[in-house]
Each structure stands twice: as structure tokens, then as C-alpha cells.
Amino acid sequence: MRLTVSILWLILLGFAMLTPGDRFPEVNAFDFQDKFIHLLCFFLLAYLWAGVGKKRNLNDWNLKNWIIFLFLGFLPGVFLETGQLVIPNRSFDEYDLIINLLGGFLGILAYFKTPSILSLLH
């Protein structure tokens, strides 16, 4: 179940970040809204993919766990942000990239340091 949710979340993020910018309504609910959304999205992505290996102890992670997490839980933040360079009405933002990576780092940290809120996904 967790693998399915992780894949769906990655696809949804890809769709949202690689769709031309003029396809979405402009919403400005509060300052730094865009950065908060990036942080939350990539936090959840990393948290979900970290759990695909189902090992809560960092010492139990093997090379396969790290490769899966790196390519599916962390690097999409880099690829999706840089992919916006070729999408109409989208632009690369180095601050978004930093926030994506920070969200990924916080997501994996939360996975290893807190009880699973999403235990039903295991």
C-alpha cells in the first residue's frame, strides 16, 4: 500500500510541477506560500519513500534502500525543479530547489525519528 501511495504522490508532484504555469489559478493566501507548499510536498515524498523499505532503524538500511530513497524520495526535488526550465510559464527557482531538498531531508529525518503517523500504509 505504501509503495502505491508513494508512486501516486510522485506522479502527482510531477504533474503539478511540470504543467504550464498558466493552467493553475493564482492563489496568494499568505507570504511564502509557495515555499511552504514545496516544503510540505517534498517532506511527504521523502517520508513516504523512506518507508517503502519498511525499516525504521537507519543502521538496517542497505544499499538498495538508499538507492530507492535517493532516486525516488530525494532527487525528484532536483529534477522537477530544473525541469521547469523548459515548461512554458514556469521558471527555475534556486530557493524552491533548496526548499525541496530541505523538505526531503526533514521527511527522512521524521521517518527515522518519529513514530509512524501513516502506519496504515505499511
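From the N terminus on, the elements of this protein run α-α-α-α-α. The model is a predicted one, and its secondary structure amounts to 5 helices and 0 strands.

Begin with the whole protein and display its surface. The accessible area comes to about 7700 Å², and carbon and sulfur atoms hold 71% of that area. Next, colour the 122 residues by burial: 34% of them are buried. If contacts are drawn for pairs with a separation of 6 or more, 78% of these contacts join residues 24 or more positions apart.

Now select residues 2–18, which form helix H1. This helix has 17 residues, and the distance from its first C-alpha to its last is 24 Å, close to the 24 Å expected at 1.5 Å a residue.

Within H1, select Arg2, Ser6, Leu13, Gly14 and Met17; these residues are buried, that is, under 20% relative accessible area. They lie on the same side of H1, because they cover an arc of only 110° around the axis.

What do the buried residues of H1 pack against? To follow the packing, add three further selections: residues 33–50 for helix H2, 76–83 for helix H4 and 94–113 for helix H5. The buried residues of H1 pack against each of these helices.

Finally, turn the view to the other side of H1 and select Leu8, Ile11 and Phe15. Are these residues buried or exposed? Leu8, Ile11 and Phe15 are exposed, whereas Leu13 and Met17, among others in H1, are buried.

Methods
Residues are numbered from 1 along each chain as its sequence is written. This is a predicted model: local features need pLDDT of at least 70, side-chain atom pairs count only at pLDDT 80 or more; totals for chains, interfaces and linings use all residues. Side-chain values use heavy atoms; hydrogens and water are left out. Helices (H or I, at least four residues) and strands (E, at least two) are DSSP runs, numbered from the N terminus. Buried means under 20% relative accessible area, exposed over 50%, partly exposed in between (1.4 Å probe, protein chains only). Contact means heavy atoms within 4.5 Å. Accessible areas come from the Shrake-Rupley method with a 1.4 Å probe; for residues, only the protein chains shown count as cover. The expected span of a helix is 1.5 Å times one less than its number of residues. The arc is that of the directions from the helix axis to the C-beta atoms.
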